[in-house]
Amino acid sequence: VFQAYYEEVLLRDKSLAQIAFNSLQYALVFLPGLAIGRLFDLGHFKVPYFIASCVLVACNFLVAESTQWYQFFLAQGIGIGLCSGIVFGPVSPVISHWFQKKKGLALGLTAVGSSVGGTVFPIAAGNLLPLVGFKWTVRIFRFMLLATLGAANLLMERRLPPVNVQGGLFNPAAFRNPAYALYRISGTFTFLGLYTGLTYLPVSAVRVGVSSDFAFYLLAMANASSADKIGPLNIIIPFTAVAGVTTFAWPYATTSKSLVAIAIVYGFSCGTYVTLFAAPAMAIGGVTDVGRRAGMFTSFAAFGALGGPPISGAINSATRGFVQVSYYAGM
């Protein structure tokens, strides 16, 4: 939603690649995973979680007051991104502490919550921006975050006692397991293309003549349909392939109905991966260092999330369209 609004209103003099600093948000959601995962294993996550929650709310206040590109970059790209990563990091390890046989279902239900947020915020933004303006839209988001983060700080708890496992912050021995090493590499490449559709779908809709009001709802549809509850690794493979094929088809959707279809199919298939991608990394090893193992995986995946949308934006600027972008991201 912000990508389209910045291009049309606030940052019209900037290129799509420059405005795609939200890719830094994507990356920073995963990048702190290594440190946060290690802290979780050692028993320290409540204090960092609380501090990050407070800073996250403060950064939303700063975004509302921003007028220059560098201000948005610092507050929204780095501040919100980094704090989101610290908040996101302990979620999967907490679930692994409380669930064993139904861990996939628990991760899926957690993703439902993410999908609800991904539905509410774009719809709220699409309706609030023309009514109250950008500043008050972001301020209202701040109050929403106060409520949700407050509940998370009160309710999230470990079950198992902390363990100082051998190997320190980064454990190279994990990469001796071929399954873990290959899965880590696949995560980086997947995120190089996965977030292109979610970043540029509203932008492309406006360019082909769909009203900007309707374009805002496409992202909400994509997130709502990602509420997936199916578990094992072999579910990830076909749905990731569907996300790739849908990305190829996306530039050829030029009507409201076809764009809705693309948003729903892409959201469902993309959501399947985002819901379950941490589960295999957590399963390859014991529960004592699950935070570190999941953190190592997400930290490497962050490099793909960081590079993907700006690369797609640069391709769009060079080719003046999304066809070549879809070839890159889909492959």
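Is Ser204 buried or exposed? In this predicted model, Ser204 turns out to be buried, because its relative accessible area is just 7%, and the cut-off for buried is under 20%. The residue sits in helix 9, which covers residues 178–207. Leaving aside residues up to four places away in sequence, Ser204 touches Trp250 and Phe322. There is also a polar partner within helix 9's own stretch of chain: a polar atom of the Ser204 side chain lies 2.9 Å from the backbone oxygen of Leu201.

Turning to the record, UniProt (in an unreviewed entry) puts the feature "transmembrane region" at several spans, including residues 20–40, 47–64, 136–156 and 232–253. What do two of these spans look like in the model? Residues 47–64 are 100% helix and 0% strand, with end C-alpha atoms 27 Å apart. For residues 136–156, the figures are 95% helix and 0% strand, and here the end C-alpha atoms lie 30 Å apart.

Next comes a pair of packed helices. Helix 4 (residues 33–41) and helix 14 (residues 290–319) have axes that come within 7 Å and cross at roughly 175°. Angles over 145 degrees count as roughly antiparallel, so helix 4 is roughly antiparallel to helix 14. On the helix 4 side, the contact is made by Gly33, Leu34, Gly37, Arg38 and Asp41. Helix 14 brings Val290, Gly291, Arg292, Gly295, Met296, Thr298 and Ser299. Sorted by character, the residues of this contact divide into 3 nonpolar, 6 polar and 3 charged.

Technical notes:
Residues numbered from 1 in each chain as written. Predicted model: local features only at pLDDT ≥ 70, side-chain atom pairs only at ≥ 80, totals over all residues. Heavy atoms only, no water. Helix = DSSP H or I, 4+ residues; strand = E, 2+ residues; numbered from the N terminus. Buried < 20%, exposed > 50% of the residue type's maximum accessible area, 1.4 Å probe, protein only. Polar contact = N/O pair within 3.5 Å; in protein donor to acceptor, adjacent residues only side chain to side chain. Contact = heavy atoms within 4.5 Å. UniProt positions renumbered as here; feature names shortened; annotations may be inferred. Axes fitted to C-alpha atoms, helices over the stretch in contact; angles between N-to-C directions. Parallel < 35°, antiparallel > 145°, perpendicular 65-115°, else oblique. Nonpolar A, V, L, I, M, F, W, Y, C, P; charged D, E, K, R; others polar.
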